[in-house]
Amino acid sequence: MKVIVAPNYEEMSKIAAKEIAKLLYVKPNAVLGLATGSTPEGVYRELIELNKAERVDFSKATSFNLDEYKGLKGDHPQSYRYFMNSKLFNHVNIDKNKTHVPSGVAENIEKECKEYDESIEKAGGIDLQLLGIGTNGHIGFNEPSDFLNLNTHETDLTEDTIKANSRFFDSIDEVPTRAITMGLGSIMKADKIILLASGEKKADIIAKLVEDKISTRVPASMLQVHQNVLVIVDNAAASLLKNSSNNEIEYVK
Ligand code: F6R
């Protein structure tokens, strides 16, 4: 696991956006795995600017998002499809038909999940997967548990996650309690993974992710066995990392 510590959120976002732009330069038809939440918003803003300046081209790219709330249609303002359209897709030259977000309202969720994994395979697999991380160690909506799922599946959200995500809703009662998420297997199959974290509240989980033993109670810790993971954090999220770590840590000024 390589760790880059950026001085702040903006720099963290720029470094990640550059990695995505670099990939699309060498492989214009790359398959991107994308995340929602507060953390990647800066990356998407940066990519929009790079696209306007014609320094990144999405015209041949395909994307697959990690997850979607169960029960929310794509036009619901809190759905992840809506988030992706408004924060990125509507502002860059990506073909919307090649952007994928699991459906939260499919009649047959099991079939939807199976077909989602099949579409990823058919597209050639994910070249670069962008991830955020929950304070409880979740990636996508793979929540801490005794057992983890390989494939895209329907899952319960933990109380921590419901509470954390209630900031986007008028009241906590409106937060869906279930979601569709890519599984750990789908995520780990990506050629390259970039995990982002920003702020003091992520410091504890970043230290666990980078330095603790692998545990299903910290789903993100599974990334320790992936060959090509880049963790990009800001100073605050890196504040509990010990220098004794076995990982390569680069501090960017
Ligand atoms: C979002 C996702 C989640 C978030 C995580 C962190 O698609 O899969 O795992 O990445 O909950 O969210 P933020 O960035 O809002 O702290």
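1. Start with helix α7, which spans residues 203–211. Its buried residues are Ala203, Ile205, Ile206, Ala207, Leu209 and Val210. What lies over them? The cover includes strands β1, β9 and β10. Keep in mind throughout that this is a predicted model. A general point helps when you look at any helix. An α-helix has 3.6 residues a turn, so residues three or four places apart point the same way.

2. Now take β1, one of the strands that cover α7. How many of the five residues of β1 are buried? Four of them are, so the strand is largely enclosed by the rest of the structure. β1 runs parallel to β10, and five bridges join the two. Val3 has Val231 as its bridge partner in β10. β1 also pairs with β11, again in the parallel sense, over four bridges. There, Lys2 is matched with Glu248 of β11.

3. Step back to the whole sheet. Eight strands form it, and the sheet is open. Read across, the order is β5-β3-β2-β6-β9-β10-β1-β11, with parallel pairing. Which strands stand at the edges? They are β5 (99–100) and β11 (248–251). Each has a single partner strand, so one side of each is left without a neighbour in the sheet. In general, strands of a sheet pair through backbone hydrogen bonds, either parallel or antiparallel.

4. Look next at another pair in this sheet. β2 covers residues 31–34 and β6 covers residues 128–131. They pair in the parallel sense over two bridges. Leu32 has Leu128 as its bridge partner in β6.

5. Turn to the nonpolar residues. The largest nonpolar core has 34 residues. Which of them touch the most other members? Leu47, Phe58, Leu88 and Ile232 do. Several elements each supply at least two residues of this core: β1 (2–6), α1, β2, α2 (41–52), α3, β6, β9 and β10. The largest share comes from α1, with nine residues. Apart from this core lies another, of 32 residues. Val3, Val210, Ala220 and Leu241 are among its members.

6. Leu88 deserves a closer look. Leaving out residues up to four places away in sequence, Leu88 touches Leu34, Tyr44, Leu47, Ile48 and Phe83. Leu47 appears here as a contact of Leu88, and both are among the residues that touch the most other members of the largest core.

7. Now the charges. A search of the whole structure finds 15 salt bridges. One of these joins the side chains of Glu19 and Lys192, at 3.2 Å from N to O. Why does this pair tie together distant stretches of sequence? Glu19 lies in helix α1 (residues 9–26) and Lys192 in strand β9 (residues 192–197), so the linked parts are 173 residues apart in sequence. Are the two residues buried or exposed? Glu19 is buried, and so is Lys192.

8. A second salt bridge joins Glu154 to Lys70, with the closest N and O atoms 3.0 Å apart. This pair links distant parts of the chain, 84 residues apart. Glu154 lies in strand β7 (residues 153–156), while Lys70 lies in the loop between β4 (67–69) and α3 (80–87). Glu154 counts as partly exposed, because its relative accessibility is 25%. Lys70 counts as partly exposed too, at 33%.

9. Strand β7 also holds Asp156, whereas Arg178 lies in strand β8 (residues 178–181), so their pairing ties together parts that are 22 residues apart in sequence. Their side chains meet in a salt bridge of 2.5 Å, N to O. Asp156 is partly exposed, at 48% relative accessibility. Arg178 is also partly exposed, at 28%. Salt bridges that share partners join Lys70, Glu154, Asp156 and Arg178 into one network.

10. Finish with Asp234, in strand β10 (residues 229–234). Asp234 is buried, yet has no salt bridge. Where is the nearest side chain of opposite charge? It belongs to Lys201, 8.9 Å away. A salt bridge needs the two atoms within 4 Å. What Asp234 does have is a polar contact of 2.9 Å with the side chain of Ser198. Beyond four places in sequence, Asp234 touches Val5, Ala6, Asn8, Tyr9, Met12, Ala197, Ser198 and Gly199.

Notes: Residues are numbered from 1 along each chain as its sequence is written. This is a predicted model: local features need pLDDT of at least 70, side-chain atom pairs count only at pLDDT 80 or more; totals for chains, interfaces and linings use all residues. Side-chain values use heavy atoms; hydrogens and water are left out. Buried means under 20% relative accessible area, exposed over 50%, partly exposed in between (1.4 Å probe, protein chains only). Lys and Arg count as positive and Asp and Glu as negative; His and the chain ends are not counted. A polar contact is a pair of N or O atoms within 3.5 Å; within protein, one must be able to donate a hydrogen and the other to accept it, and residues adjacent in sequence count only if both atoms are side-chain atoms. Contact means heavy atoms within 4.5 Å. Two strands pair if DSSP finds at least two bridges between them. A nonpolar core is a set of buried Ala, Val, Leu, Ile, Met, Phe, Trp, Tyr and Cys residues joined through side-chain atoms within 4.5 Å.
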